[in-house]
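Colleague: I should be grateful for a close look at one part of this complex, namely one chain together with the side that it turns to its partner. Please set out its fold, its sheet and its contacts in one connected account.

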Amino acid sequence: MADIPGYRRPHKGTQPEYLYPAYASTRKRAPTRPLVVLPHTLSEVTGPLFGTDEVRPEDSDLTLQHAAAPLGERIIVSGHVLDENERPVPNTLIEIWQCNAAGRYRHQDDSHDAPLDPNFSGAGRVLTDKEGRYRFVTIKPGAYPWRNHPNAWRPSHIHLSLFGRAFVTRLVTQMYFAGDPLLPHDPILNSIAQEGARHRLVADFDWETTAPEYALGYRFDIVLRGRDATPMDK
Amino acid sequence: MHLTATASQTVGPFFRIGLEHLYIADLAPAAAAGDKVAIHGRVVDGDGKPVNDAIIEIWQADARGRYAHPDDTQDKPATPDFKGFGRVPTDEHGAFRFTTVKPGSVPGPRGMPQAPHLLVAVFMRGLLKHLLTRVYFPDDPDNAADPVLKLVPAERCATLIAMKANDGLEWNVILQGENETVFFDY
């Protein structure tokens with residue numbers, strides 16, 4: 001059996017290192033011994049594929065999951081999921097979660113003194129279409145304090161989890177909002193050394209996504225790892 | 001011209017909201033061939049404290065060594081209903097548990113067989129990108145020749161091999177220190 005083409009290794013500075021002391025929780029959780037470079041075998045280039053069984057239409061609209069609409073500014077987030085070779089990643093599962101407009105997560109461990117919204121769960125799922133496009137409707141999440149350092153606040157963000165086609169294309173990331181004054185002060189975003197790579201986590205306001213009389217739109221494109229050598233097209 | 005992959009960010013402490021719908025602690029459909037095995041362990045930080053807000057994901061082949069994926073073109077029958085994916089959070093004691101079947105051998109670099117193994121991804125607050133490691137099975141004669149275990153310093157290989165326990169197998173994730181689990185640059 002011929003060797004399987006692996007996936008590209010990251011360019012320096014475009015992914016965070018494990019240890020980033022300004023993000024205090026990394027200090028006792030980042031590995032301290034050398035990582036072992038893993039060849040990409042059949043185990044790494046395969047991974048779970050999900051289909052329509054996991055996603056219902058209401059899963060991609062977080063404002064329709066309860067009896068009434070959640071409070072906050074309704075927004076539309078959409079974009080394109082591509083791989084590093086600029087190929088669309090179709091039919092791939094995106095899982096999202098976020099806090100509500102007041103900056104509070106529906107989670108037992110969130111003790112921030114901000115109100116829960118009975119009409120907002122903060123969880124969604126969507127599959128990309130055959131061109132790799134996705135779209136979901138939600139409300140703009142609030143900022144909230146955390147205990148990383150004195151007077152620490154997380155900028156508004158939405159968590160996203162993607163699988164792609166292989167276990168090594170798995171990606172969990174966060175989407176931020178252009179113009180947020182907290183962005184330069186956030187150690188989690190600043191853990192990415194390269195400015196361009198940080199900038200790509202910031203969604204821009206987008207007229208094309210904006211729906212008249214309904215909601216502002218934000219565009220957030222996502223790039224998953226691509227194969228190092230292009231396998232023969234079938 | 002290539003694009004650059006989007007940067008990873010931590011799952012944070014509240015991932016349950018978004019990830020719970022796919023919690024899967026039993027990877028083995030009732031009819032699946034192979035030896036059922038329960039694997040349990042704990043996730044422990046650099047102070048030796050249990051990590052109660054971690055989540056692990058498992059990816060594996062079936063008992064014949066076939067992945068439920070179209071890029072696995074091996075001439076082996078697929079197991080109906082076998083997906084090979086699991087996702088379990090740690091509890092307040094940092095403990096996790098899942099049930100599966102021992103996978104068969106799958107091909108490795110240059111077609112060399114790999115010993116049966118699971119891939120495990122570890123996510124938590126404080127990890128800006130997930131960790132990737134592997135679990136091998138105790139007393140498997142193929143471990144000695146496994147092409148990935150051979151890349152690991154001999155004195156650290158034990159961290160990748162589950163231990164026999166009363167009720168199945170035990171395998172722990174030690175984030176830092178002398179017995180730190182081997183994590184891969186993937």
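Modeller: Two residues are taken to be in contact if their C-beta atoms, placed from the backbone, lie within 7 Å. On that basis, among contacts in chain B between residues at least 6 apart in sequence, 70% join residues at least 24 apart. The model is a predicted one, and the account below concerns chain B and its meeting with chain A.

The secondary structure of chain B consists of one helix and twelve strands. Along the sequence the helix is followed by the strands, in the pattern α-β-β-β-β-β-β-β-β-β-β-β-β. The radius of gyration of chain B is 17 Å, close to the 16 Å given by the globule rule for 186 residues, so chain B is as compact as a globular protein of that length. The C-alpha trace of chain B spans about 45 × 45 × 40 Å along its principal axes. Of the 186 residues of chain B, 48% count as buried.

Within this chain, four strands form an open sheet in the order β3-β2-β7-β8, with antiparallel pairing. Its edge strands are β3 (85–89) and β8 of chain B, each of which pairs on one side only. From one strand to the next, the twist averages 25°. Strand β2 (residues 54–59) of chain B runs antiparallel to β7(B), and six bridges join them. One of the residues concerned is B:A54, whose bridge partner in β7(B) is B:M124. As a general matter, the strands of a sheet pair through backbone hydrogen bonds, in either the parallel or the antiparallel sense.

The account now turns to the partner chain. In all, 60 residues of chain B are in contact with 66 residues of chain A. On the chain B side, the elements that give two or more residues are α1 (16–19), β5 (106–107), β7 (117–124), β8 (131–136) and β12 (184–185). Of these, β7(B) gives the most, with five residues. Strand β7(B) thus has two roles in this description: it stands between β2 and β8 in the order of the open sheet, and it contributes to the side of chain B that touches chain A. By class, that side has 32 nonpolar, 17 polar and eleven charged residues.

Strand pairing also occurs between the two chains. Strand β1 (residues 36–37) of chain A and β12(B) pair in the parallel sense over two bridges. In β12(B), B:D185 is the bridge partner of A:V37.

Notes
Residues are numbered from 1 along each chain as its sequence is written. Chains are lettered from A and ligands numbered from 1 in the order in which they are written. This is a predicted model: local features need pLDDT of at least 70, side-chain atom pairs count only at pLDDT 80 or more; totals for chains, interfaces and linings use all residues. Ala, Val, Leu, Ile, Met, Phe, Trp, Tyr, Cys and Pro count as nonpolar, Asp, Glu, Lys and Arg as charged, and the others, Gly among them, as polar. Two strands pair if DSSP finds at least two bridges between them. Axes are lines fitted to C-alpha atoms, for helices over the stretch in contact, and angles run from 0 to 180 degrees between N-to-C directions. The radius of gyration is taken over C-alpha atoms; the globule rule is 2.2 Å times the number of residues to the power 0.38. A residue is buried if 20 or more other C-beta atoms lie within 10 Å of its own, exposed if 12 or fewer, and partly exposed in between; C-beta atoms are placed from the backbone.
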